[in-house]
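These are my notebook entries on a single model. I set down what I looked up, in the order in which I looked.

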Amino acid sequence: MAISIHIPQITPLTLFYFLLLSSPTSSTLAINITALLSSFPDLASFASLISSTTISADVFQRTSVTLLAVPNSYLSSTSDLLTRHHLSPTNLPDVLRYHVLLQYLTWSDLHQIPPSGTLVTTLFQTTGRATSNSGSVNITFNPSNGVVSIHSPGPYSSPSQSSNATVLSLIKTLPYNITIFTVDSLLIPYNFDLTASDTRPPLGLNITKALIDGHNFNVAASMLSASGVVQEFEADEGGAGITLFVPTDEAFADLPSTVKLQSLPADKKAVVLKFHVLHSYYPLGSLESIVNPVQPTLATEAIGAGRFTLNISRVNGSVAIDSGIVQGSVTQTVFDQNPVAIFGVSKVLLPKEIFSKNPAMKPGNTGTPITQAQPPDMSLSPENPPELNGRPSHLSSPPGFREEIGSGSPAIDGGVRSSLLALCCIGLYLVV
């Protein structure tokens with residue numbers, strides 16, 4: 001007895017749409033808050049404060065944030081603002097970082113917060129200058145009147161030391177990337193030392209000398225001195241500071257013989273050195289509790305967003321640093337005085353963008369072990385790293401965003417192949 005099976009008819013157009021929707025996409029967008037705020041004249045004063053600092057560049061490297069913006073009518077002129085809050089131009093940037101929450105929050109999220117509140121980490125916490133949880137805000141929701149309030153987490157016994165604001169409205173949201181709310185007051189972190197930035201003398205640390213004094217970093221000191229990038233590092237000691245991960249002499253000795261680090265051209269060797277530096281001051285405690293594990297490096301700033309990043313995590317009680325093809329750990333603190341932290345690390349951090357084609361970096365070899373490393377999305381070699389040979393081109397993207405480098409990625413190629421497959425199917429259908 002034959003069994004009849006009904007197969008629904010699939011039209012060419014249906015098949016085409018299916019293939020388009022199933023095409024892989026992996027473009028990552030970086031946030032440009034200056035461009036986003038420029039669309040709102042009522043936030044012009046707040047946008048001007050942001051643009052006068054490096055905060056826009058800090059946020060540019062992140063993918064999910066909530067910005068608390070203060071409208072013009074609630075914000076005094078800059079001079080009055082500094083006087084009223086006893087601020088100085090040097091510590092104002094940290095106050096503004098306190099308005100960048102490191103989570104993407106919607107109205108719905110805010111209305112689900114319990115009356116007791118919830119702590120949310122801000123960009124200020126990542127600088128290493130926030131004590132305890134003073135780099136967080138406490139958000140509360142009152143279900144009786146629908147008011148969402150934001151407080152610095154000071155003790156209730158000292159309300160004069162606590163800063164409060166009420167959320168006014170939602171003015172912009174780009175799902176899963178950024179939300180911008182307006183608030184009725186500038187927020188000041190609890191226990192914020194208003195004079196710390198004023199009285200802190202310029203450090204002027206001689207990084208090369210500090211490494212030589214460490215007695216186990218002679219190779220790194222020699223490379224930094226010869227490359228000339230150490231002067232750039234020392235120039236970055238101001239502002240948000242810097243954090244250096246310096247391989248020990250043993251780490252350089254353990255490099256596989258096929259890794260010709262010293263034979264790289266000067267520009268690529270400089271990128272490798274910059275790959276070991278974060279453009280913010282992180283003491284060891286901050287590294288151990290870092291909120292965003294994927295951190296841009298000075299090489300990221302030189303090449304472009306999304307490339308040459310380090311993944312920082314806590315593994316077996318130690319701070320682990322993953323380059324994508326090799327994982328090292330912090331072995332010692334060489335120097336730690338705000339705004340500079342220097343840590344010794346057990347491995348030379350080889351960026352996957354340059355070394356992923358080296359046979360010693362592949363699984364199954366006896367070279368540097370691959371630990372918790374993700375396969376690179378774009379293989380580069382010392383002979384042909386496109387980011388180093390010229391400025392990368394960018395596709396057009398929504399206002400306030402920039403398309404991440406890698407427009408020729410496999411995801412896009414896969415979409416083209418799917419479209420061609422769909423056209424072939426349509427042709428076969430018409431012939432039949």
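Entry 1, terms and source. I take buried to mean under 20% relative accessible area, exposed over 50%, and partly exposed in between, with a 1.4 Å probe and protein chains only. Helices (H or I, at least four residues) and strands (E, at least two) are DSSP runs, numbered from the N terminus. The model is predicted, so I note that local features need pLDDT of at least 70 and side-chain atom pairs count only at pLDDT 80 or more, while totals for chains, interfaces and linings use all residues. Residues are numbered from 1 along each chain as its sequence is written, and side-chain values use heavy atoms, with hydrogens and water left out.

Entry 2, overview. I find 17 helices and 16 strands in the protein. Of its 432 residues, 47% are buried. I count a contact where heavy atoms lie within 4.5 Å. Among contacts with a separation of 6 or more, 68% are between residues 24 or more positions apart.

Entry 3, helix 13. I looked up how far helix 13 is covered: 7 of its 9 residues are buried. These are K268, K269, A270, V271, V272, L273 and K274. They pack against helix 10, helix 11 (229-235), strand 10 (277-278), helix 15 (298-303) and helix 16 (352-355).

Entry 4, cavities. I define a cavity on a 1 Å grid over the protein atoms alone, as a set of points where a 1.4 Å probe fits but cannot get out; lining residues have an atom within 4 Å of a point. Points are joined across faces, edges and corners, and a volume is the space filled by probe spheres set on them. The whole structure holds 2 cavities of 30 Å³ or more. I read a volume of about 120 Å³ for the largest cavity. It is lined by 14 residues, of which L224, F245, P247, L273 and H276 are the closest to its centre. Helix 10 (218-227), strand 9 (242-247) and helix 13 (266-274) each give two or more residues to this lining. Strand 9 supplies the largest share, 4 residues. By class I note 13 nonpolar, 1 polar and no charged residues in the lining of the largest cavity. Here Ala, Val, Leu, Ile, Met, Phe, Trp, Tyr, Cys and Pro count as nonpolar, Asp, Glu, Lys and Arg as charged, and the others, Gly among them, as polar.

Entry 5, nonpolar cores. A nonpolar core is a set of buried Ala, Val, Leu, Ile, Met, Phe, Trp, Tyr and Cys residues joined through side-chain atoms within 4.5 Å. The largest has 54 residues, and I207, F233, L244, F245, L261, I342 and F355 have the most contacts inside it. Strand 15 (residues 340-345) gives this core its largest share, 5 residues. I also list a second, separate core of 47 residues, which includes I55, L67, L110 and F181. Beyond its neighbours within four places in sequence, L244 touches residues including I207, F233, H276 and I342.

Entry 6, sheets. I treat two strands as paired if DSSP finds at least two bridges between them. One open sheet has 7 strands in the order 10-9-15-14-13-12-11, with mixed pairing. Its edge strands are strand 10 and strand 11 (294-296), each pairing on one side only. Strand 9 and strand 10 run antiparallel and are joined by 2 bridges; T243 has L278 of strand 10 as its bridge partner. Another open sheet of 7 strands, also mixed in its pairing, follows the order 3-2-8-7-6-5-4. Strand 3 (100-101) and strand 4 (118-121) each have a single partner strand, so one side of each is left without a neighbour in the sheet. Strand 4 pairs with strand 5 (residues 136-142) in the antiparallel sense over 4 bridges, and T118 stands opposite I139 in strand 5.

Terms used: 1 Å grid on protein atoms, 1.4 Å probe; cavity = no way out; pocket = protein on both sides within 12 Å on 5 of 7 lines; lining within 4 Å.
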